[in-house]
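Subject: The structure, and what turned up in it

Hi there,

Here is the structure I promised to pass on. Have it open while you read, and the notes below should be easy to follow.

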Amino acid sequence: MEKSFKPGKIPLISKELQALLNGSDDDQVVDITDDLDRFIQTSGLRIRHFGFARDLDLALFILSDKRVITKPLSSFPFLKKADDYDLDQYTVSETGIYWYNLDVDVSLRGLLQEEKVPYRP
């Protein structure tokens with residue numbers, strides 16, 4: 001894969017991003033949300049639990065509204081390589097799930113974007 005810029009060179013960025021980076025108001029917050037973000041936030045949807053069945057190549061993400069998202073464990077290369085103990089050592093946050101020992105996280109937003117899980121706004 002070819003690098004998009006050479007080491008030691010400043011990469012080109014858009015004028016809008018440059019203006020934002022050069023802005024004088026450091027307290028300014030840019031809100032970049034869409035309907036999915038708003039739905040997750042207003043509904044309080046979270047990942048509650050994670051489970052896996054290595055012999056079935058299965059990863060289960062159980063959501064706070066009792067829906068279940070299933071994915072092949074092999075679709076998460078870092079999780080597939082991990083041993084069972086490390087897979088059981090996760091923490092759930094507002095945005096997803098994190099495996100500290102593996103330094104890997106999976107976002108709820110990413111799961112919902114990839115899955116065809118119906119959501120009710």
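Below is what I found, going through a hairpin, two buried residues, an arginine in a loop and a pocket. Please keep in mind that this is a predicted model.

The hairpin

Strands β5 (residues 96-99) and β6 pair in the antiparallel sense, over 4 bridges. If you want a place to start looking, Y98 stands opposite D105 in β6. The hairpin has 4 residues between its strands, and D103 takes a positive phi near 55° there. Strand β6 (residues 104-107) has two faces: V104 and V106 make up the covered one, while D105 and S107 make up the uncovered one.

Two buried residues

I97 sits in strand β5. Its relative accessible area is 1%, so I97 is buried. Leaving aside neighbours within four places in sequence, I97 is in contact with I47, F50, F61, Y90, T91, V92, V104, D105 and V106. That list includes V104 and V106, the residues of the covered face of β6. The C-alpha atoms of I97 and L108 are separated by 7.7 Å, with the two residues 11 apart along the chain.

L111 belongs to helix α5 (residues 108-114). L111 counts as buried because its relative accessibility is 1%, and the cut-off for buried is under 20%. Its contacts, again without neighbours within four places in sequence, are I47, F61, I69, K71, F76 and V106. I47, F61 and V106 are also among the contacts of I97. Between L111 and I47 there are 9.9 Å in space, C-alpha to C-alpha, although they are 64 residues apart in sequence.

An arginine in a loop

R67 lies in the loop between β2 (58-63) and β3 (68-71). Is R67 buried or exposed? With 15% relative accessibility, R67 counts as buried, since the cut-off is under 20%. The side chain of R67 makes a polar contact of 2.3 Å with the side chain of D65.

The pocket

The largest pocket has a volume of about 270 Å³. It is lined by 10 residues, and the closest to its centre are D37, I40, Q41, E94 and T95. Helices α2 (35-43) and α5 each supply at least two residues of the lining, with α2 giving the most, at 3 residues. By type, the lining divides into 2 nonpolar, 4 polar and 4 charged residues.

Happy to go through any of this with you.

Best wishes

How values were computed:
Residues numbered from 1 in each chain as written. Predicted model: local features only at pLDDT ≥ 70, side-chain atom pairs only at ≥ 80, totals over all residues. Heavy atoms only, no water. Buried < 20%, exposed > 50% of the residue type's maximum accessible area, 1.4 Å probe, protein only. Polar contact = N/O pair within 3.5 Å; in protein donor to acceptor, adjacent residues only side chain to side chain. Contact = heavy atoms within 4.5 Å. Pairing = 2+ DSSP bridges. 1 Å grid on protein atoms, 1.4 Å probe; cavity = no way out; pocket = protein on both sides within 12 Å on 5 of 7 lines; lining within 4 Å. Points joined across faces, edges and corners; volume = space filled by probe spheres on them. Nonpolar A, V, L, I, M, F, W, Y, C, P; charged D, E, K, R; others polar.
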